[in-house]
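Here is a walk through one protein chain, taken a site at a time. Keep the structure open and follow along.

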Amino acid sequence: MTSASEPAAPYPDPTRDAVYRVIAERRDMRTGFLPDPVDDAVLTRILEAAHRAPSVGLTQPWDFLVIRDPGLRARIGALADRQRAAYAASLTAPRAAAFQRLKVEAIREAPVNIAVTCDPTRGGRNPLGRHAQPRTAHYSVACAVQNLWLAARAEGLGVGWVSFFDERELADELGLPGHVDVVAYLCVGRVAGFPPAPQLALTGWARRRPLAWAVHHERYGRRGLPGEEIMDLIEQTVAAVRPLDEAAMRDARDHQARLTKPPGSLGALEELSVRLAGLAGTCPPPIPEPAAVAVFAADHGVHAQGVSPWPQEVTAQMVANFLAGGAVVNAFAAQVGAEVTVVDVGVARDLDPAPGLLPRKVAYGTADMTAGPAMTAEQARRAVEVGIEVARDLVSAGARCLLTGDMGIANTTASAALIAAFTGLPPEAVTGRGTGIDDAALAHKIEVVRAALARHGLDAGDGAAGRDPLEVLAAVGGLEHAALAGYILGAAALRVPVVLDGVIAGAAALVAGALCPDALSACVAGHRSVEPGHSATVAHLGLRPLVDLELRLGEGTGALLALPLVQGAVRVLHQVATFDAAGVSGKDAQPRTAGSPHGGEDGHERDGRDGDENGGER
């Protein structure tokens, strides 16, 4: 025993390494269970390890139900099957297909099942530590589950945690009293082997978040690993953005040239596929699915200037509509298999919690930009950080393509001010009718934008040139613009394509591009909005819209319509055969007969003449 003045000695290196090894190699096992019985002595050891877990007030609120009976396990398996089916029905088509390929439970295959329960009444009326934290009993049981899991791994046993249950149905099947909850249902047994990484990561369902994203110092938001300086999230994200990979782009162009089609015949989609290969750093790049659209919602103080005929309350009402699945964005997302997430970054009222809603409110809307800055510098930075974190979370959850969405009454006015500032164009050239205003209202809206630019010294011909982009954003932008700019930066840093919607997303992309020009390499212009500022924006950004349907709805609708084109551009590189592989002659080979795949009027040549300069159309 050491004296009070001496620190306790750490474990010897081999023992310490073994502890960290078992933590690193713990796996949630879903497949590979062997029918071999689990030795009672081994099972007792892992239950003892679980029973040694810390608990609030030493209440030990857990119990362990050991289940071996095949009939009982079959009935419990049927409960899980029903919940699996309900979960699959809630998913988008790409996610549902991926889920069906996953093995997510082994209730019937594993030789032993263990239900871990919680009795939150154990310990009497007021055990030490539970007075102010009544949920700590369940937290204690979670510690017991983790102890069991680690001990099982040390014994060479696999453990799978099954969560596809209606808790009370399972409790009734197990004969639990009404006050006892099921915290975990575990499948335990010998396995053929442990995978090198979690199954969900190996299958692409989700990614592990880096530790650096999760460590904060003193207060939330002060990020940094121990011993490192507190990092600036925006600077860190910008630093992680890299130019397109030239070698991957060269490979993609070479591959396009060998495909069974005339060179260039897919037009803009070919160059898009090349750019996405450069973004991913490999050819072919990953097919951009599943896809997720984030609808960033916020209100605008400039609404007080009468720039929109719609009351400000519509922002919150439309958020509720999105969450209920009743908006156009929901209909289009369902058609193309994209998930919809709504982010409250600045709605002017509190919103009730709901599935699919991320409460990330920075402020209750912006201030009137004609009277002063729309945001403080801190609010602008925080909103950009919200966008970065939403991008990180969606990609970590498995999204391989991000789409921008927005909602905010009067946000086209703020967009026009941002576009004028970053492009140097006059307000009348970039201000549109938004939700549909008449000529008189449009003229007033233009003057409001002009006044805001003058108020902040952004009315000169060079607009925002030489100004800090975040300063310009705070002066005349919206909270959703700031979050969208961060969302674009986050996607670019993770080398995931982001499909831009219309004028609001375009204005945000101007901010992102000013902060980090290479971030624009991740951007795809989904469509060309009828708003005049959007054409000016995509021209300034050097982007080519994929769809031009005179849309001006927002919400992410134009980006969603373009999503199949983005996915198709990449799918060509994955699935279309090369001339060599298909046994098809290239352009310089002798013409085939009329009955051959590329002979006659439907082939690469027509009446002995080539088609257009890209090799003809079929």
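Begin with a short polar pairing: a polar atom of the E555 side chain lies 3.1 Å from the backbone nitrogen of V329. Bear in mind that this is a predicted model. Why start at this glutamate? UniProt, in an unreviewed entry, gives E555 the annotation "active site". That label comes from the record, and such annotations may be inferred rather than shown by experiment.

Now place the residue. E555 sits in the loop between α20 (532-541) and α21 (557-575). Is E555 buried or exposed? Its relative accessibility is 5%, so E555 counts as buried. The cut-off for buried is under 20% relative accessible area. Look at what surrounds the side chain. Setting aside residues up to four places away in sequence, E555 touches V293, V295, M318, F322, A327, V328, V329, G405, D406 and D501. V329 is thus on the contact list and also supplies the backbone nitrogen of the 3.1 Å pair.

Stay in this loop for a moment. E550 also lies between α20 and α21. Its phi is positive, about 60°, although E550 is not a glycine. With a relative accessible area of 62%, E550 is exposed. So one loop holds a buried glutamate, E555, and an exposed one, E550.

A second glutamate has a backbone of this kind. E218 is not a glycine, yet it has a positive phi of about 70°. Find E218 in the loop between α7 (199-202) and α8. It counts as exposed, at 79% relative accessibility.

Next, turn to the annotated domain. UniProt places "domain: Nitroreductase" at residues 23-190, again in an unreviewed entry. Over residues 23-190, the chain is 42% helix and 17% strand. The end C-alpha atoms of that stretch are 18 Å apart.

Inside this range, look at N113. It lies in strand β2 (residues 112-118). N113 has a relative accessible area of 0%, so it is buried. What does the side chain of N113 pair with? It makes a polar contact of 2.7 Å with the side chain of Y185. A polar atom of the N113 side chain also lies 3.5 Å from the backbone oxygen of I107. Beyond its neighbours within four places in sequence, N113 is in contact with L65, V66, I67, R73, I107, Y185, L186 and C187.

Another buried polar pairing involves D344. This aspartate is found in strand β6 (residues 338-346). D344 counts as buried because its relative accessibility is 5%. Its side chain makes a polar contact with the side chain of K361, at 2.7 Å. Not counting residues up to four places away in sequence, D344 touches A297, R349, L351, L357, L358, P359, R360 and K361.

Now move to helix α17 (residues 469-476). How many of the residues of α17 are buried? The count is 7 of its 8 residues, and the helix is mostly covered. Those buried residues are P469, L470, V472, L473, A474, A475 and V476. They pack against α8 (233-240), α13, α14 (411-423), α16 (439-455), α18 (479-493) and α19 (503-515). The N-terminal end of α17 is capped by D468. A side-chain oxygen of D468 lies 3.0 Å from the backbone nitrogen of L470.

Take one of those partners, α13 (residues 377-396). Its axis is 9 Å from that of α17, and the packing angle is about 105°. The two helices are therefore roughly perpendicular to each other. That term covers angles of 65 to 115 degrees. Which residues meet at this crossing? A380, R381 and V384 in α13 meet L470, L473 and A474 in α17. By class, this contact has 5 nonpolar, no polar and 1 charged residues.

Finish with the backbone between α10 (268-280) and β5 (291-298). P284 is found in this loop. A cis peptide bond joins C283 and P284, with omega about 0°. P290 has its place in the loop between α10 and β5 as well. The peptide bond from E289 to P290 is also cis, with omega near 0°.

Conventions:
Residues are numbered from 1 along each chain as its sequence is written. This is a predicted model: local features need pLDDT of at least 70, side-chain atom pairs count only at pLDDT 80 or more; totals for chains, interfaces and linings use all residues. Side-chain values use heavy atoms; hydrogens and water are left out. Axes are lines fitted to C-alpha atoms, for helices over the stretch in contact, and angles run from 0 to 180 degrees between N-to-C directions. Helices (H or I, at least four residues) and strands (E, at least two) are DSSP runs, numbered from the N terminus. Angles under 35 degrees count as roughly parallel, over 145 as roughly antiparallel, 65 to 115 as roughly perpendicular and the rest as oblique. Contact means heavy atoms within 4.5 Å. Ala, Val, Leu, Ile, Met, Phe, Trp, Tyr, Cys and Pro count as nonpolar, Asp, Glu, Lys and Arg as charged, and the others, Gly among them, as polar. Buried means under 20% relative accessible area, exposed over 50%, partly exposed in between (1.4 Å probe, protein chains only). A polar contact is a pair of N or O atoms within 3.5 Å; within protein, one must be able to donate a hydrogen and the other to accept it, and residues adjacent in sequence count only if both atoms are side-chain atoms.
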